[in-house]
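The following paragraphs lead through the structure shown below, beginning with charged pairs and ending with the surface.

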Amino acid sequence: MKNKKILLANILLLVALLLFVLAPSIANIFFKLKGSISGNISLLLSGGTSVVALGGMALLYCKIIKKPFNKVMVIKKISVRQVYLTVSVAVGTYIFAVGVNSVSMKLFPVAIKDSMQISKLLNTSSLLLGVLVVVLLPAFFEEMFFRGVFLDAYEGVNKKMKYFIITCIFATFHGNVMQIVYVMFLGFVLLKVREYTGSIVGSMTLHAANNAISFTISKIAMNYANIIGNGSQNAVMDQAQVAATKAALNASFLVVLLRASIFFLIGGAILYINLRSLKECKDENALIESLSKETLPRNNGKKIMQYTPLAMYFIAITILVISRY
């Protein structure tokens, strides 16, 4: 059963990726969209695809293995203190991520383009839609799929290996250099919060809080740029992109590393303190068995086959990322 669940989850991962890749073409066919998709339309398409691809695959997984949805997701109430600590972890995660992003922009200048495209998308869309699609939907449906389905499917697999696989899947699924580097870090923290709270509600809370912080700061920064800038909104965006590119390219790696170290120290300290407190206040009896097992699944001759779709996924995502740049 273990091997079948892993195989099923990996196949559903491939299907979800295919849906995301084909979503723009499908939208063009059904809604007769013309030209490039941007602004509110782009956000609507992204949100709708998340609901169908991630939510749909999660429900299909539960249906096929004949296990109640709330048992697969491990939906349990968490305390007010756990909520507070989780939000504090989100603050530390964001601060630490600022350092990660500054280094990744220096090492991979193409990441600057990714960052500005995301900011431009948020700046040209409505606030309400941005909150729904950027903050809430990912926190719900990505957690259902990556910290719900995959933790259930990989039950019994060595925890370190399980965490590594799920973190890599979660990071690469975002499909761009800027987010892959940062989301690797975020994905691991989400798994630890999921473990320490014993409920997917914990990782959903962290995910939503992290997205809310990032979304709010991005909105404030872009509104400020629009106020002090001259010309149209697009002109301000272009000027900001040029300025960010020059600043990232002109600064030496040592300067970038020293600057990032400040964020690493501050964010890391907040993360360590609050994660430790979250671990200390967890209810040992509420922890799910899948997060504490350390045994490897038996090798029954199907081990290679169950990971074949996963290998195909990584090959496909590598091709997509390379072709994008």
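In this predicted model, the side chains of E195 and K192 meet in a salt bridge, with 3.2 Å from N to O. Both residues belong to helix α8 (residues 177–197), where they stand 3 residues apart, about one turn of the helix. E195 is buried, because its relative accessible area is 7% and the limit for a buried residue is under 20%. K192 likewise counts as buried, at 14% relative accessibility. Other salt bridges share partners, and these join K5, K67, D152 and E155 into one network.

Within that network, the side chains of E155 and K5 form a salt bridge at 3.6 Å, N to O. E155 lies in the loop between α6 and α7 (159–172), whereas K5 lies in helix α1, so the pair ties together parts that are 150 residues apart in sequence. The burial of the two partners can be stated separately: E155 is partly exposed, at 21% relative accessibility, and K5 is buried, with a relative accessible area of 9%.

A further pair is found in helix α6, where the side chains of E143 and R147 meet in a salt bridge of 2.5 Å, N to O. Because these residues are 4 apart in the helix, about one helical turn separates E143 from R147. An α-helix has 3.6 residues a turn, so residues three or four places apart point the same way. Both E143 and R147 are buried. In total, the structure holds 6 salt bridges.

The overall architecture is helical: the protein has 12 helices and 0 strands. Of its 325 residues, 46% are buried. Among contacts between residues at least 6 apart in sequence, 86% join residues at least 24 apart.

Which residues have the most contacts inside the largest nonpolar core? They are L13, Y61, F145 and F150, in a core of 60 residues. Helix α6 (residues 127–153) supplies the largest share of this core, with 11 residues. Leaving aside neighbours within four places in sequence, F150 is in contact with A9, N10, L13, F145, I166 and I169. In soluble globular proteins, nonpolar side chains tend to be buried together.

Buried positions also include polar residues. S50, in helix α2 (residues 39–65), is buried with a relative accessible area of 10%. Beyond its neighbours within four places in sequence, S50 contacts F20, G55 and F141. N211 lies in helix α9 (residues 200–228) and is buried, with a relative accessible area of 12%. Outside its neighbours within four places in sequence, N211 is in contact with V134, V135, P138 and A139. The C-alpha atoms of N211 and V131 are separated by 8.9 Å, although the two residues are 80 apart along the chain.

Helix α11 (residues 253–280) has 28 residues and reaches 38 Å from its first C-alpha to its last, close to the 40 Å expected at 1.5 Å a residue. Its buried residues are V256, A260, G267, L271, N274, L275, S277 and L278.

At the surface, the protein exposes about 16,400 Å², of which carbon and sulfur atoms supply 69%. L18, V21, L22, I26, I29, F30 and L320 make a nonpolar surface patch of about 650 Å². Helix α1 (residues 2–31) gives the most to this patch, with 6 residues. F30, placed in helix α1, counts as exposed at 65% relative accessibility, because the limit for an exposed residue is over 50%.

Definitions and conventions:
Residues numbered from 1 in each chain as written. Predicted model: local features only at pLDDT ≥ 70, side-chain atom pairs only at ≥ 80, totals over all residues. Heavy atoms only, no water. Helix = DSSP H or I, 4+ residues; strand = E, 2+ residues; numbered from the N terminus. Expected span 1.5 Å × (residues − 1). Buried < 20%, exposed > 50% of the residue type's maximum accessible area, 1.4 Å probe, protein only. Contact = heavy atoms within 4.5 Å. Areas by Shrake-Rupley, 256 points an atom, 1.4 Å probe, with all protein chains shown as cover. Patch = residues over 30% accessible without salt bridge, like charges linked within 9 Å, V, L, I, M, F, W, Y side chains within 5 Å. Salt bridge = Lys/Arg side-chain N within 4 Å of Asp/Glu carboxyl O. Core = buried A, V, L, I, M, F, W, Y, C linked by side-chain atoms within 4.5 Å.
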